[in-house]
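Open the model in your viewer and keep the selection panel at hand. We will go stop by stop.

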Amino acid sequence: MENLRKNAVFNWFYKINQIPRGSGNEEAIANFLVGFAEDRNLKVRKDSANNVIIEKEATEGYENSKSVIIQGHMDMVCVKEDGSTHDFEKDPIDMYIDGDFLKARGTTLGGDDGMAVAYALTILDSDEIRHPRLTVLITTEEETTMKGAGSIKKGDVEGDYLLNIDSEEESIFLVSSAGGAETVSSFKLEWEDKNSEALKVKISGLEGGHSGMEINRDKANANVLAARVLGDLRREMQIRLAKINGGTKHNAIANRNEFIICVEDLELAKSRIKELEEDFVHEYKSTDPNLKIEVEEIRVERVLSEELSNRFISFAVSVPNGVFAYSKNIDGLVETSLNNAIVSQGEEVIEYVISVRSASASKLKFLIEKLNTIADVNGAKFEIENEYPGWEYEPESKLKDIAEETWNAMYPNKATFEAVHAGLECGILKRALPNTEMISFGPDMFDAHSPKERISISSTKKVYDFTLKLLENLK
């Protein structure tokens with residue numbers, strides 16, 4: 001790692017990964033960025049959402065060029081492997097090199113989107129790079145609420161071009177993205193005393209991953225598997241739910257779920273769960289080879305009412321998950337999808353969070369209404385949170401043309417321009433920057449939002465060199 005840190009980009013990435021920066025916990029990293037700018041006498045401000053905006057004047061010969069915004073987000077998804085003792089509130093990311101890949105031990109790496117921050121700091125720190133007037137916009141809470149981008153109003157930042165460095169395949173430039181929302185279905189808890197034997201069921205070993213980028217891979221979702229187990233057992237015996245929790249992030253495919261149930265026949269239930277585990281292992285042998293279900297006998301003092309248990313199980317079995325529709329205009333592109341992201345039981349309610357995405361506003365609306373209906377039929381309170389708009393494709397774009405010419409002149413793998421089935425901040429920022437041309441790009445990154453996240457070292461260098469050449473060509 002020490003040798004890699006001789007490269008300025010990776011050195012800055014290492015430094016920001018020493019600072020905890022999970023979504024909603026960005027105060028420290030924001031202050032670090034402000035301090036960086038102040039130490040270099042750059043104009044900087046931190047707004048009420050903890051977004052950091054740094055400005056740097058054009059270099060000689062670029063004073064009359066169109067201005068550029070370099071944009072990324074400072075927060076990261078915090079997911080760790082089962083058994084990991086890592087504390088995302090205080091521990092640095094433990095990085096290591098494996099061939100051409102930079103990885104983290106037992107946790108997400110934070111390349112999404114720490115690499116954008118590292119690129120920006122490297123560019124701002126240099127007096128040798130030629131560029132137009134720059135504004136660096138580093139936002140907060142992109143991985144959860146997109147609060148940072150959503151707080152940007154007209155006049156907060158200005159620029160003719162915007163480079164969003166938050167994509168995960170080199171040479172593929174994104175020019176359109178899906179809109180989406182989170183739906184929350186809440187079941188009010190109804191308890192009954194019942195001192196009884198019970199089963200604790202733990203579903204784990206799933207791969208997880210980004211629910212936008214990898215939803216088409218049909219990976220196992222732990223919350224969906226839990227619903228299948230509960231639904232199957234209910235057909236054969238009376239079942240009472242005592243506790244259930246699964247998934248951690250709205251934009252990550254749930255990689256674990258744990259629930260506690262009381263049933264009439266423990267041995268029969270354990271036998272049936274074992275059969276279901278074999279079915280699941282067979283179904284997902286290519287995508288989730290380490291899937292497993294563990295069952296432990298315990299005692300409980302209370303359970304949820306029979307009526308609530310049935311309503312919740314009916315809801316969980318009924319809600320769709322995965323790809324809902326493919327694009328009719330772009331071959332292979334997911335148009336609409338759902339991710340059964342989080343099941344969370346608190347003191348008063350069970351919340352079931354489903355992340356919905358679509359490039360079609362009308363289909364997104366229809367899907368949300370479908371979920372609302374399923375929630376209503378099963379007696380759940382239904383709410384919509386964190387809606388964000390899509391980013392529409394603009395065929396006439398000088399920035400797109402210059403980026404394509406620049407990449408193709410540098411590298412043999414030709415540039416392509418695509419839409420993506422994920423929410424990007426470009427769609428939100430367009431409201432404040434309606435006349436700004438935008439593209440999104442980044443180095444090769446794999447298994448984002450999971451502990452297997454890794455980023456290609458060689459690709460990171462290539463895309464950084466491209467970024468410098470693009471800035472130079474935007475004269």
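The tour starts with the domains, moves to their interface, and ends at some local backbone features.

**Stop 1: the two domains.** Keep in mind that this is a predicted model. Select 2–178 together with 391–474 and colour them as domain 1. Give 180–388 a second colour; that is domain 2. Domain 1 is thus written as two sequence segments, and domain 2 as one. Now place a marker at the C-alpha centre of each domain. The two markers sit 33 Å apart.

**Stop 2: the contact.** Select the residues of each domain that touch the other. You should get 21 residues from domain 1 and 32 residues from domain 2. Which classes make up the side of domain 1? There are 10 nonpolar, 6 polar and 5 charged residues on the side that touches domain 2.

**Stop 3: the buried area.** Compute the area buried between domain 1 and domain 2. The value is about 1900 Å². Carbon and sulfur atoms give 55% of that area. Next, show Asp82, His421 and His449 as sticks. These are the residues of domain 1 that lose the most area to domain 2. Together they account for 32% of what the domain 1 side buries.

**Stop 4: polar links across the interface.** How many salt bridges are there between domain 1 and domain 2? The count is 3. For polar contacts across the interface, the rule finds 10 residue pairs, with both residues at pLDDT 80 or more. For a salt bridge to look at in detail, pick Lys219 and Asp447. Draw a distance between their closest N and O atoms: 3.8 Å. The pair passes because the cut-off for a salt bridge is 4 Å.

**Stop 5: an annotated stretch.** Select 206–285. An unreviewed UniProt entry lists these residues as "domain: Peptidase M20 dimerisation". Switch to cartoon view. The stretch is 41% helix and 19% strand. Its end C-alpha atoms lie 11 Å apart.

**Stop 6: a cis peptide bond.** Zoom to Asp112 and Asp113. The peptide bond joining them is cis, with omega about 5°. Asp113 belongs to helix H3, residues 111–125.

**Stop 7: a positive phi.** Finish at Asn41. Where does this residue sit? Asn41 is in the loop between helix H2 (27–39) and strand E1 (43–46). Check its backbone torsion: phi is positive, about 55°, although Asn41 is not a glycine.

Key. Residues numbered from 1 in each chain as written. Predicted model: local features only at pLDDT ≥ 70, side-chain atom pairs only at ≥ 80, totals over all residues. Heavy atoms only, no water. Domains from an automatic or database assignment. Contact = heavy atoms within 4.5 Å. Buried area = accessible area lost by both parts, 1.4 Å probe. Salt bridge = Lys/Arg side-chain N within 4 Å of Asp/Glu carboxyl O. Polar contact = N/O pair within 3.5 Å; in protein donor to acceptor, adjacent residues only side chain to side chain. Nonpolar A, V, L, I, M, F, W, Y, C, P; charged D, E, K, R; others polar. UniProt positions renumbered as here; feature names shortened; annotations may be inferred. Helix = DSSP H or I, 4+ residues; strand = E, 2+ residues; numbered from the N terminus.
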